[in-house]
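Please look through the sequence and the model shown here before reading on. The report is meant for a reader who meets this structure without any earlier acquaintance.

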Amino acid sequence: MPVDLLNPSPAAELATHKLKRLVQSPNSFFMDVKCPGCFQITTVFSHAQSVVLCGSCNVMLCQPTGGKAKLTEGCSFRKKVD
């Protein structure tokens, strides 16, 4: 079965390594996280390596794992756009 190497499907493009994609792009991103207590928005890196606390109420927004940071329950987020 032939495979079109110049026009890969979006699913196949995401499954490949970040350096082997047709156009190199990182897996990480910045996101706006809304605090469940005070509804303040904080900018957090997706692969944060330290605990991120809310600036006003000191609630933990995310905790680090081996890769992507894990958001605490009740937090909502959206990817930041340029």
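What follows describes the chain as a whole and then turns to some of its residues.

**The chain as a whole**

The model is predicted, and every value below was computed from it. The chain holds one helix and six strands, and these elements come in the order α-β-β-β-β-β-β when the sequence is read from its start. The radius of gyration of the chain is 17 Å, whereas the globule rule gives 12 Å for 82 residues, so the chain is more spread out than a compact globule. The C-alpha trace, taken along its principal axes, spans about 55 × 25 × 20 Å.

Of the 82 residues in the chain, 21% are buried. Among contacts with a separation of 6 or more, 26% join residues that are 24 or more positions apart. The exposed area of the chain is about 6300 Å², and 59% of that area is supplied by carbon and sulfur atoms. The side chains include 9 positive and 5 negative ones, and the centres of these two sets lie 6 Å apart.

**Cysteines without a disulfide**

A disulfide is a covalent bond between the sulfur atoms of two cysteines. How many disulfides does the chain have by the distance rule? The count comes to zero. C62 is in no disulfide, and the cysteine sulfur nearest to that of C62, which belongs to C75, is 8.1 Å away. For C75, the closest cysteine sulfur is that of C35, at 6.4 Å; because a disulfide requires sulfur atoms within 2.5 Å, this distance is too far for a bond.

Are C62 and C75 buried or exposed? C62 counts as buried because its relative accessibility is 0%, and C75 also counts as buried, with a relative accessibility of 14%. C75 is placed in the loop between β5 (70-71) and β6 (76-79). Neighbours within four places in sequence aside, C75 is in contact with V33, K34, P36 and L61. H17, by contrast, is 58 residues from C75 in sequence, and the two C-alpha atoms are 29 Å apart in space.

**A buried threonine in a strand**

T42 belongs to strand β2, which covers residues 41-45. With a relative accessibility of 16%, T42 counts as buried, since the cut-off for a buried residue is under 20%. When residues up to four places away in sequence are not counted, T42 touches M31, D32, V33 and L61. V33 and L61 therefore appear among the contacts of T42 as well as among those of C75, where the criterion is heavy atoms within 4.5 Å.

**Two loop residues with positive phi**

F39 is found in the loop between β1 (30-34) and β2, and its phi is near 60°, a positive value in a residue other than glycine. N58, which is not a glycine either, has a positive phi of about 55° and lies in the loop between β3 (52-53) and β4 (60-63). Both are exposed, F39 with a relative accessible area of 57% and N58 at 56% relative accessibility.

The table sets out the relative accessibility of the residues discussed above.

| Residue | Relative accessibility | Class |
|---|---|---|
| C62 | 0% | buried |
| C75 | 14% | buried |
| T42 | 16% | buried |
| N58 | 56% | exposed |
| F39 | 57% | exposed |

Methods. Residues are numbered from 1 along each chain as its sequence is written. This is a predicted model: local features need pLDDT of at least 70, side-chain atom pairs count only at pLDDT 80 or more; totals for chains, interfaces and linings use all residues. Side-chain values use heavy atoms; hydrogens and water are left out. Helices (H or I, at least four residues) and strands (E, at least two) are DSSP runs, numbered from the N terminus. The radius of gyration is taken over C-alpha atoms; the globule rule is 2.2 Å times the number of residues to the power 0.38. Buried means under 20% relative accessible area, exposed over 50%, partly exposed in between (1.4 Å probe, protein chains only). Accessible areas come from the Shrake-Rupley method with a 1.4 Å probe; for residues, only the protein chains shown count as cover. Lys and Arg count as positive and Asp and Glu as negative; His and the chain ends are not counted. The place of a charge is taken as NZ of Lys, CZ of Arg, CG of Asp or CD of Glu.
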